[in-house]
Amino acid sequence: RVLPNYPDSARAALAEGRVYVRLLVGADGRVVRIGRIAGPGVFHAAAATAARQWEFVPAIQNDRPVRVWVDVPFRFELEDR
């Protein structure tokens, strides 16, 4: 799993938050599409960029791998405040 880069503008503003990214995971376990993104907008692009690089164990239905939507949370927290 790839972690998102903390946006410089969010760091400068001392912004933190949680973002949820809806992903369509293909039968091969790779991200096929990004759906809705919820949470502070300053983190959307960073979360989507990281999520596109993730790979999953494919979902199985009737003994066959299938595409499935999943919601993935990303937490953006500053270490030093």
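Helices and strands are DSSP runs, with at least four residues for a helix and at least two for a strand, numbered from the N terminus. In this predicted model, L14 sits in the loop between α1 (8-12) and β1 (17-25). The phi of L14 is near 55 degrees. That value is positive, and L14 is a residue other than glycine. Most residues other than glycine have a negative phi. L14 has a relative accessible area of 48%, so L14 counts as partly exposed.

A positive phi is also found at D63, at about 65 degrees. D63 is not a glycine either. D63 belongs to the loop between β3 (59-61) and β4. The relative accessible area of D63 is 75%. Exposed means over 50%, and therefore D63 is classed as exposed.

The strand β4 (64-66) leads to another loop residue, R67. R67 lies between β4 and β5, and β5 spans 68-76. The relative accessibility of R67 is 53%, so R67 counts as exposed.

R67 also has contacts beyond its neighbours within four places in sequence. These partners are L24, V25, G26, A27 and V32. V19 offers a distance for R67 as well. R67 and V19 are 48 residues apart along the chain. Their C-alpha atoms are separated by 22 Å.

Together, the three loop positions can be placed by the elements on either side. L14 falls between α1 and β1, D63 between β3 and β4, and R67 between β4 and β5.

Key:
Residues numbered from 1 in each chain as written. Predicted model: local features only at pLDDT ≥ 70, side-chain atom pairs only at ≥ 80, totals over all residues. Heavy atoms only, no water. Buried < 20%, exposed > 50% of the residue type's maximum accessible area, 1.4 Å probe, protein only. Contact = heavy atoms within 4.5 Å.
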